[in-house]
Amino acid sequence: MASVTIRNVEKSFGAMKVIHGVDIDVQDHEFVVLVGPSGCGKSTLLRMIAGLETISGGEIVIGDKVVNDVPPRDRDIAMVFQNYALYPHMSIFDNMGFSLKLRKRPKAEIEAKVKDAADILNLTSYLDRSPAQLSGGQRQRVAMGRALVRDAQVFLFDEPLSNLDAKLRVVMRTEIKALHQRLKTTSVYVTHDQIEAMTMADRIVVMNAGRVEQVGAPLELYDSPANLFVAGFLGSPS
Ligand code: ADP
Ligand code: MG
């Protein structure tokens, strides 16, 4: 079980409140996309799910466990960032195996897991290279590979495609969805790109200024936007 439940979650940085009582339910195996303009709080929400940011109010439940006080490394999650955050001086193999090494997993296990992930992501012949020797799409796959080796039930993506060119973005959308389906993970995917949200999501959460404006399947939102903000943001002609 790897549902993610966000209950009345709030976040303030000093005196500035940036998340105002947000509720989101992500079902087991669901692909939910958080979409909204820059600065609306998407990354902050994702970082709170990951445990990289403390929460100022409410609770976050992963599976059946309240994780408010659980450190990131003990949460059943893996995160894929926008800027890849690969270690430039390490080989692709070491980049992918690093989190397992930190967890002091046996060498044979690290090797098996990295090879499995590389196989799934078509990176097998690149394991000895360094990040600089890879294309943007391949580097993005390595970032996903690092998440894969963790065997996590929940994948969090923060604008993973925003550094790629338009053509590659379309290819990688399909790859990410295929991966999600193959691994039967639960995914929370952040983007400011409406098209990405419409094409990838089982359900979309539209955010604005630290609040949820509407939640629904892509066509549902497109056909029946709850308000002018949602209509304008999704580009509905109505
Ligand atoms: P998004 O990912 O939707 O672009 P963010 O979650 O990054 O938005 O930011 C939401 C708001 O919180 C913004 O106003 C941003 O300036 C503010 N913010 C984010 N992180 C910090 C921080 N560490 N300290 C202070 N303010 C922050
Ligand atoms: Mg962000």
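Me: How do the residues of the shell around ligand 1 divide into nonpolar, polar and charged?
Reply: This is a predicted model, in which local features need pLDDT of at least 70, side-chain atom pairs count only at pLDDT 80 or more, and totals for chains, interfaces and linings use all residues. Residues are numbered from 1 along each chain as its sequence is written, while chains are lettered from A and ligands numbered from 1 in the order in which they are written. With Ala, Val, Leu, Ile, Met, Phe, Trp, Tyr, Cys and Pro as nonpolar, Asp, Glu, Lys and Arg as charged, and the others, Gly among them, as polar, the shell has three nonpolar, six polar and one charged.

Me: Which helix gives the most to the shell around ligand 1?
Reply: The residues around ligand 1 (C-beta, placed from the backbone, within 6 Å) are F13, V18, G36, S38, G39, C40, G41, K42, S43 and T44. Three residues of the shell come from the helix that spans residues 42-50 (helices: DSSP H or I, at least four residues; strands: E, at least two; both numbered from the N terminus). The helix that gives the most is α1.

Me: How many bridges join β1 to β2?
Reply: Strand β1 covers residues 4-13, strand β2 covers residues 16-26, and they run antiparallel. S12 has K17 in β2 as its bridge partner, and K11 stands opposite I19 of β2. The number of bridges that join β1 to β2 is seven.

Me: Which residue in the hairpin of β1 and β2 takes a positive phi?
Reply: Two residues lie between the strands of this hairpin. The positive phi is near 60°, and the residue that takes it is G14.

Me: Which are the edge strands of the open sheet of four strands?
Reply: The order of this sheet is β2-β1-β4-β5, with antiparallel pairing (pairing: at least two DSSP bridges). Two strands pair on one side only, one of them at residues 65-66. The edge strands are β2 and β5.

Me: Which are the edge strands of the sheet of six strands, and by what angle are its neighbouring strands turned on average?
Reply: This open sheet has the order β6-β7-β8-β3-β9-β10, and its pairing is mixed. Its edge strands, each paired on one side only, are β6 (77-80) and β10 (211-216). Direction ignored, the average turn between neighbouring strands is 15°.

Me: Which residue in β7 stands opposite A78?
Reply: Strand β7 spans residues 154-158 and runs parallel to β6. Four bridges join β6 and β7. Opposite A78 stands F155.

Me: How far apart are the axes of α2 and α3?
Reply: Helix α2 (residues 92-102) and helix α3 (residues 107-120) pack at about 130° (axes fitted to C-alpha atoms over the stretch in contact; angles from 0 to 180 degrees between N-to-C directions). F93, M96, G97, L100 and K101 of α2 make the contact (C-beta atoms, placed from the backbone, within 7 Å) with I110, K113, V114, A117 and A118 of α3. These residues divide into seven nonpolar, one polar and two charged. The axes of α2 and α3 are apart by 9 Å.

Me: At roughly what angle do the axes of α2 and α4 cross?
Reply: I92, N95, M96 and S99 in α2 meet V142, G145 and R146 in α4. Three of the contact residues are nonpolar, three polar and one charged. The axes of α2 and α4 (residues 136-148) come within 7 Å, and their crossing is at roughly 35°.

Technical notes: Two residues are in contact if their C-beta atoms, placed from the backbone, lie within 7 Å.
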